[in-house]
Amino acid sequence: MTTVLEVSDVSKSFTMHLRGGMTLPVVRGVSFAARAGECVVLAGPSGAGKSSILKMIFGSYRCDLGAIHVHHGDERTDVANAGPRTMLALRLRVVAYVSQFLRAVPRVAAVDVAAEPLIACGTEREIAAHRAGDLLARLNLPDRMWGLPPATFSGGEQQRVNIARGLVGDHPLLLLDEPTASLDAANRAVVIDLVNARKRRGTAIVAIVHDADVRDAIADRIVDVTTFAAAA
Amino acid sequence: MAENEQPLLVADGLTRWYGRQLGCRDVSLELFEGEVLAVVGESGSGKSTLLHLLAGQLAPSAGLVRYRMRDGVTRDLAALSEAERRFLARTDWGYVQQDAALGLRMAVSAGGNIGERLMAVGWRHYGRIRGAAESWLDRVEIDPARIDEAPSNYSGGMRQRLQIARNLVTQPRLVFMDEPTGGLDVSVQARLLDLLRRLVQDLGLAVVIVTHDLAVARLLSHRIMVMKGGEVIETGLTDQVLDDPREAYTQLLVSSVLPV
């Protein structure tokens, strides 16, 4: 299997200028890889830096040190040193991220929120909406809600819109931050099926999941984030 | 977004003094087609000066602005004749003012406001101009039946939407926006933002938007440039700058926003 993601010796800390320049170490020496069709689960207690690692791979957090190589086609991009335009292009077609919470945009309907990543890379609006609708249906979001903006949805409903948005494209690298945290058992099972289907299609997945049953059902490998603890 | 394409707009070392008062110092940037750049900072940070320099409305004390014209040739704005610069501003560029009254002719009908830009690019057929104006009113969610009313009859939100229609009717490739949602009620703001977001996406516009509202920057922009005291202190991907701000001032800006 080909390697899609290679994280090498990555370190991250926050310097908090409003707290007199206090440095908050997050992680140090993070190294792991994910291959096509493989799901790597990041494990560790809250505050161990799991979400920060996902955000560094997606480029919304910066790295202090190290490299994050993403392989796509014959190319290789080091996210740790990529400029904004390179990152935007990578997010368009290569790496998708399901954040813990949906950032709802006023007035935009749930189905359009989910379809947006496809439209952004050139899929026709109707086809994109159709595929988004398929996913929302599989995630048991009643179709009377598709036309509504998700701002007023419950946590679980918003999360399903967010999952549909992350899975609607065909990105070869998928980052999932607690995708099942506010879902019931039936919808957790749907997410497990969707993730496993993506693995069979060769998607590399890095996930954070606290549910033991979900983790057991999707993980090929567990990476213990506490081994990357940064000394305070 | 191909990596090898040429930028649409390039600024190099832009500096502007107002007498001994600094407007902005040594600002360089590249903007590509379809890209939205938000310039954020507080009042007096130099962001409006920068916008005026980029749009050729103000001459720099030092530095230059280059623009890739529709014929593919990149030209120095300072080297354009006044007529050429005006033509550019009326056709390939848009400029959305915070105060719609400055960007519109308040005593002229809505249709006239939109039609004027088309006439500047040579449209002469009255029926076709009116048709285009009606379709643009519809696109910015103004009832086309109100085409003959002057914008002085319109609400603040409608005026702003009319100003956007007036700017976009000539299919510009680059639009400058100066606090386009400033001074509007929040519900009106949300509608305008949603409209802007869709138009920018559908038309593939390049945009430089000046705003002090980080939520607006988050919603609309790909990249952010943070200004303070006339200088750029931090730039990067929008979510990177907002979620992991590096500079003390950016951290202060981000942490000063009340979560809703």
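**View 1. An open sheet of 4 strands in chain A, paired in the antiparallel sense.** Reading across this sheet of chain A, the strands come in the order 2-1-4-5. Like everything in these views, the sheet belongs to a predicted model. At the edges sit strand 2 (22-35) and strand 5 (75-78) of chain A, each with a pairing on one side only. If you like to check geometry, neighbouring strands here are turned by 20 degrees against each other on average, with direction ignored.

**View 2. Strand 1 beside strand 4 in chain A.** Zooming in on the same sheet, strand 1 (residues 3-16) and strand 4 (residues 65-72) of chain A are joined by 5 bridges in the antiparallel sense. A handy pair to look for is Glu6(A) and His69(A): His69(A), in strand 4 of chain A, is the bridge partner of Glu6(A). As a reminder, strands of a sheet pair through backbone hydrogen bonds, in either a parallel or an antiparallel way.

**View 3. A second open sheet in chain A, with 5 strands and parallel pairing.** Here the strand order of chain A is 6-7-8-3-9. Strand 6 (95-98) and strand 9 (221-224) of chain A form the edges, and each pairs on one side only. From one strand to the next, the twist averages 20 degrees.

**View 4. Strand 6 meets strand 7 in chain A.** These two strands of chain A pair in the parallel sense over 4 bridges, with strand 7 covering residues 173-177. To find your way in, start at Val98(A), whose bridge partner in strand 7 of chain A is Leu176(A).

**View 5. Helix 4 packs with helix 6 in chain B.** Two packed helices are described by the angle between their axes and the distance between the axes. For helix 4 (residues 110-120) and helix 6 (residues 156-168) of chain B, the angle is about 25 degrees and the axes are 7 Å apart. Because angles under 35 degrees count as roughly parallel, helix 4 of chain B is roughly parallel to helix 6 of chain B. The crossing of helix 4 and helix 6 of chain B is right-handed. On the helix 4 side of chain B you will find Ala110(B), Asn113(B), Ile114(B) and Arg117(B), which meet Leu162(B), Ala165(B) and Arg166(B) of helix 6. By class, the residues of this helix contact in chain B are 4 nonpolar, 1 polar and 2 charged.

**View 6. Where domain 1 of chain B touches domain 2 of chain B.** The domain assignment of chain B gives domain 1 as 1-92 + 174-260 and domain 2 as 104-171. Taken over C-alpha atoms, the centres of these two domains of chain B are separated by 25 Å. The contact brings together 11 residues of domain 1 and 12 residues of domain 2 of chain B. On the domain 1 side, helix 2 (82-91) and helix 7 (186-203) of chain B are the elements that give two or more residues. Helix 7 of chain B makes the largest share of that side, with 6 residues. The domain 1 side divides into 8 nonpolar, 1 polar and 2 charged residues.

**View 7. The contact of chain A with chain B.** Finally, step back to the two chains: 17 residues from chain A and 19 residues from chain B take part in the contact. Helix 2 (residues 84-93) of chain A gives the most to the chain A side, contributing 6 residues. That side of chain A has 9 nonpolar, 4 polar and 4 charged residues.

Notes. Residues numbered from 1 in each chain as written. Chains lettered and ligands numbered in written order. Predicted model: local features only at pLDDT ≥ 70, side-chain atom pairs only at ≥ 80, totals over all residues. Contact = placed C-beta atoms within 7 Å. Nonpolar A, V, L, I, M, F, W, Y, C, P; charged D, E, K, R; others polar. Pairing = 2+ DSSP bridges. Axes fitted to C-alpha atoms, helices over the stretch in contact; angles between N-to-C directions. Parallel < 35°, antiparallel > 145°, perpendicular 65-115°, else oblique. Left-handed = near helix turned anticlockwise from the far one by under 90°. Domains from an automatic or database assignment.
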